[in-house]
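Open your viewer and keep the selection tool ready. We will go from stop to stop, picking residues and saying what is there.

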Amino acid sequence: MTDKTLAVQRMQDYIECHLTGGITLADLASAAQFSPWYAARIFKELTGLAPAEYIRRLRLSKSALRLRDETCKVIDAAFDLGFSSVDGYQRAFRREFGCNPKEYALRPVPLPLFTAYGVKFRELGKKEHRTMDNLKSVFIQIVEKPARKVIVKRGVKAADYFAYCQEVGCDVWGMLTSMKSLCGEPVCLWLPEQYRKPGTSAYVQGVEVPVDDDSPIPEGFDEIDLPAATYLLFQSEPFAEEDYCQAIESLQAAMGKYAPAAIGCQWDDENPRIQLEPIGARGYIELRAVKKA
């Protein structure tokens, strides 16, 4: 990994940790260990955004989630996320999302939230990885999923995350994050044949919602009805964030060796396999449906 990539990642990490306070270019240059001019240039080169624009979009997206999930005033959402005036915050919110923050707080709709992908993970994702040798344990528990709907964005031929991002783009995750989910976060799914449309991918990203949910469906998304089902949740030990590919491969290898007959079940391939976002602090998680043998 290049010094430039690591420097930009340090700036991204600094922004995440200091988002509610003042962040200057001098602060970012200190984190990057380069001059302010060079730090700003490589930040835009690798993220596609100038530091100020990156910070603004991230703050707006964080504030939108707060307005969605908490009973708070617009003025609090503005000042707590580092905006200097309510008027400026409201104008920025409307430019970013096309609606007024107060209107959004009263009736949240899907928004294209900004997702701050770490540059070092993009670089790691392009490389081949070996399976982790130090994965010691995989934890398994039974999870009962209720009947529900899942709002998905379909790909074309994708069978995994990286191919999906090439086909659909990574911004879809921001839209899904803005939508309230039954499990508290978006999901990735491998759809069985009966849930696919001709010319669309097995691998999709989506959000699980109640069967009676009447929230608007974003343009270009589809709604799928899923039945109640029993799942086995497989969870790895925590891992270093940069080892996420190895953590995924290792857990999937362990899943492949597991025999559900040990608990009187068999795999239920009529229901989607589910993947959650790899987060090092909690471990990698996948769910696979089972039924009585």
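Buried means under 20% relative accessible area, exposed means over 50%, and partly exposed is in between (1.4 Å probe, protein chains only). Try the terms on Gln 141, which is partly exposed with a relative accessible area of 43%.

Some ground rules come next. This is a predicted model, where local features need pLDDT of at least 70 and side-chain atom pairs count only at pLDDT 80 or more, while totals for chains, interfaces and linings use all residues. Residues are numbered from 1 along each chain as its sequence is written, and side-chain values use heavy atoms, leaving out hydrogens and water.

**Stop 1: Gln 141**

Keep Gln 141 selected. It is found in strand β1, residues 138–145. Helices (H or I, at least four residues) and strands (E, at least two) are DSSP runs, numbered from the N terminus. Now show the neighbours of Gln 141. Leaving aside residues up to four places away in sequence, Gln 141 touches Tyr 231, Leu 232 and Leu 233. Contact here means heavy atoms within 4.5 Å. Next, add Leu 287. Its C-alpha atom is 9.5 Å from that of Gln 141, with the two positions 146 residues apart along the chain.

**Stop 2: helices α1, α2 and α3**

Two packed helices are described by the angle between their axes and the distance between the axes. Axes are lines fitted to C-alpha atoms, for helices over the stretch in contact, and angles run from 0 to 180 degrees between N-to-C directions.

Select residues 3–17 for helix α1 and residues 36–47 for helix α3. They pack at an angle of about 90°, with their axes 9 Å apart. So α1 and α3 are roughly perpendicular to each other. Angles under 35 degrees count as roughly parallel, over 145 as roughly antiparallel, 65 to 115 as roughly perpendicular and the rest as oblique. Show the side chains in the contact. From α1 they include Val 8, Met 11 and Ile 15, and from α3 they include Tyr 38, Ile 42 and Phe 43.

Now select helix α2, residues 25–32. It packs against α3 at an angle of about 85°, and the axes are 9 Å apart. That makes α2 roughly perpendicular to α3. Here the contact is made by Leu 25, Ala 29 and Ala 32 of α2 with Pro 36, Ala 39 and Ala 40 of α3.

**Stop 3: the loop between α2 and α3**

Pick Gln 33, in the loop between α2 and α3. Is Gln 33 buried or exposed? At 60% relative accessibility, Gln 33 counts as exposed. Most residues other than glycine have a negative phi. Gln 33 is not a glycine, yet its phi is positive, about 65°.

**Stop 4: aromatic rings**

Rings of Phe, Tyr and Trp (its six-membered ring) pair if their centres lie within 6.5 Å; planes under 30 degrees apart count as stacked, over 60 as edge-to-face and the rest as tilted. By this rule the count is 13 aromatic pairs. Select Phe 34 and Tyr 38. Their ring centres are 5.0 Å apart and their planes are at 70°, so the pair is edge-to-face. Phe 34 is partly exposed at 32% relative accessibility. Tyr 38 is partly exposed too, at 23%.

Move to Phe 93 and Tyr 104. This aromatic pair is tilted, with 6.0 Å from centre to centre and 50° between the planes. It links distant parts of the chain: Phe 93 is in helix α6 (residues 86–97) and Tyr 104 is in helix α7 (residues 101–106), 11 residues apart. Both Phe 93 and Tyr 104 are buried. Widen the selection to Phe 83, Tyr 89 and Phe 97; with Phe 93 and Tyr 104 they form one aromatic cluster.

**Stop 5: charges over rings**

A charge sits over a ring if NZ of Lys or CZ of Arg is within 6 Å of the ring centre and within 35 degrees of the ring normal. Select Arg 273, which lies over the face of Trp 190, at 3.7 Å from the ring centre. Then select Arg 288, over the face of Trp 267, at 4.0 Å from the ring centre.

**Stop 6: cysteines**

How many disulfides are there? A disulfide is a pair of cysteine sulfur atoms within 2.5 Å, and by this rule the count is zero. Select Cys 165, which is in no disulfide; the nearest cysteine sulfur, in Cys 170, is 3.2 Å away. Cys 165 counts as buried, at 14% relative accessibility. Finish on Cys 245. Its sulfur is 12 Å from the closest cysteine sulfur, in Cys 165, too far for a bond. At 8% relative accessibility, Cys 245 counts as buried.
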